[in-house]
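Visitor: Could you take one part of this model and look at it closely, starting from a charged side chain and following its partners? I would like the cut-offs stated as you go.

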Amino acid sequence: MSTVIPSLSNTVAGIQFSSVLLNASGAFNAHLFNELYPLKEAMGGIVTKTVTQQPLAGNLQPRTVELPGIGMLNSIGLQNPGLIYSLEKDIPALKALGLPVILSISAHSSLEFAQMAEYAFSHPNGSLIEALELNLSCPNVEKGGVHFGSAQDSVREALQAVTSVCNKPVFAKLTPNVGDIVAIGGAAIEGGAAGLTAINTVLGAAIDIQRRKPIMPRVSAGYSGPGIKPIAIHAIWNLRKHFPETPIMGVGGVSSAEDVLEFLMAGASLVQVGTICFRNPLIFKEITEALQAFCTAEHISSIAELSGCAHR
Ligand SMILES: Cc1cc2nc3c(=O)[nH]c(=O)nc-3n(C[C@H](O)[C@H](O)[C@H](O)COP(=O)(O)O)c2cc1C
């Protein structure tokens, strides 16, 4: 008797993802496509490293601190080669993997966000991009970033500005470093977001006890990895509860198939995997096999049916 392999696919904001698993923006090095190539069968889509209009050199070193067992701190500072380079070099290389590509962008103002979106989709390679993810939540830059994403007005305006110049779905990536993530998510939806990505890193810091000084030059950094998983699930749960029609890409501390299932059941439609990839680059394959085994054992033919099931 032949066994039917359960489907891990999902269609979100009109885009067909062959698996609910995507990478989280920035959690691979600049040559993303080289690292992703062996994993493409186990991934449903690709999110680029966040790009800005102009290239950025990023922050002073050290930029990362490992926190054994619970994750890491990073203060990369959005180092990136800029929008033009990304469109001309990275996007075609990523698209060659045969998966939907989501371009992550960050800007200092709504106008700059709109200019970037307009430029991207009028570029010959713009047709290779399936959706945008607006990074409204980077904690490691002086201007824009998390400050931008902490106020309902600026989030709403950024989404309005971008969605008025582009026909592709726009996801708003939210910061957990706010009092009320549901209010910010609501503002993004009012501005026209097709979906929400939750969450970016949690603000954190570490002290070098020999030097008796903060380890990171900017003191604050973004905390990611297993320790932030409950914060992400709490955000996903509440966003799904208040906005049941809006798809959510869940992200934050995922390191196993069980974590992916929790994210889906809490309300995510897709799940991004980040920090764990530094420790185990093959994690996508392992999670895929374990998800298929779970679905088979539970007689689930399509994993998409689990999305939000814990609310019902
Ligand atoms: C080294 C590093 C770089 C990151 N760069 C970006 C980025 O460029 N844009 C972005 O939206 N998020 C960035 N993030 C945040 C991740 O996409 C993700 O939201 C966060 O790390 C939580 O997921 P995780 O715990 O699975 O890593 C970065 C995270 C890390 C660890």
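Guide: E190 counts as exposed because its relative accessibility is 53%, where exposed means over 50% relative accessible area, buried means under 20% and partly exposed lies in between, with a 1.4 Å probe and protein chains only. This is a predicted model, in which local features need pLDDT of at least 70, side-chain atom pairs count only at pLDDT 80 or more, and totals for chains, interfaces and linings use all residues. Residues are numbered from 1 along each chain as its sequence is written, and side-chain values use heavy atoms, with hydrogens and water left out.

The partner of E190 is R156, with which E190 forms a salt bridge whose closest N and O atoms are 2.7 Å apart. This pair links distant parts of the chain, since E190 sits in helix α6 (residues 181–190) and R156 in helix α5 (residues 152–163), 34 residues apart. A salt bridge here is a side-chain nitrogen of Lys or Arg within 4 Å of a carboxyl oxygen of Asp or Glu, while helices (H or I, at least four residues) and strands (E, at least two) are DSSP runs numbered from the N terminus. A search of the whole structure finds seven salt bridges.

Another of these bridges joins K229 and E262, with 2.7 Å between the closest N and O atoms. K229 lies in helix α7 and E262 in helix α8 (residues 257–266), so this bridge ties together parts that are 33 residues apart in sequence. K229 is buried because its relative accessible area is 16%, whereas E262, with 35%, is partly exposed. To return to the starting point, salt bridges that share partners join D153, R156 and E190 into one network. A further bridge is formed by the side chains of K40 and E41, at 3.9 Å from N to O, and E41 is exposed because its relative accessibility is 68%.

Helix α7 also offers a backbone contact to follow. N238 has its place in that helix, which spans residues 229–242, and N238 counts as buried because its relative accessibility is 16%. A polar atom of the N238 side chain lies 3.0 Å from the backbone oxygen of H234; a polar contact is a pair of N or O atoms within 3.5 Å, where within protein one must be able to donate a hydrogen and the other to accept it, and residues adjacent in sequence count only if both atoms are side-chain atoms.

From N238 one can look across to P92, 146 residues away along the chain, with 36 Å between the two C-alpha atoms. P92 follows within four residues of K89, where helix α2 (residues 83–95) bends by about 30°, the bend being the angle between axes fitted to the seven residues ending at a residue and the seven starting there. The buried residues of α2 include L83, S86, L87, D90, I91 and L94. An α-helix has 3.6 residues a turn, so residues three or four places apart point the same way. The C-alpha atom of I91 is 7.1 Å from that of L128, although the two residues are 37 apart in sequence. L128 belongs to the loop between α3 (110–122) and β8 (129–135), and L128 is partly exposed because its relative accessible area is 23%. In the loop between β6 (71–74) and α2 lies L78, which has a positive phi of about 55° although it is not a glycine; L78 counts as buried because its relative accessibility is 5%.

The ligand completes the picture. Around the ligand there are 23 residues, of which S25, T50, K173, G253 and T275 come nearest, a residue being near if one of its heavy atoms lies within 4 Å. By class, this shell has eight nonpolar, 13 polar and two charged residues; Ala, Val, Leu, Ile, Met, Phe, Trp, Tyr, Cys and Pro count as nonpolar, Asp, Glu, Lys and Arg as charged, and the others, Gly among them, as polar. An N or O atom in the T50 side chain is 2.6 Å from a nitrogen atom of the ligand. Backbone N or O atoms also approach ligand oxygen atoms, at 2.8 Å for G225 and at 3.1 Å for G274. Of the 600 Å² that the ligand exposes when taken alone, the protein buries 97%, with accessible areas from the Shrake-Rupley method and a 1.4 Å probe, only the protein chains shown counting as cover for residues.
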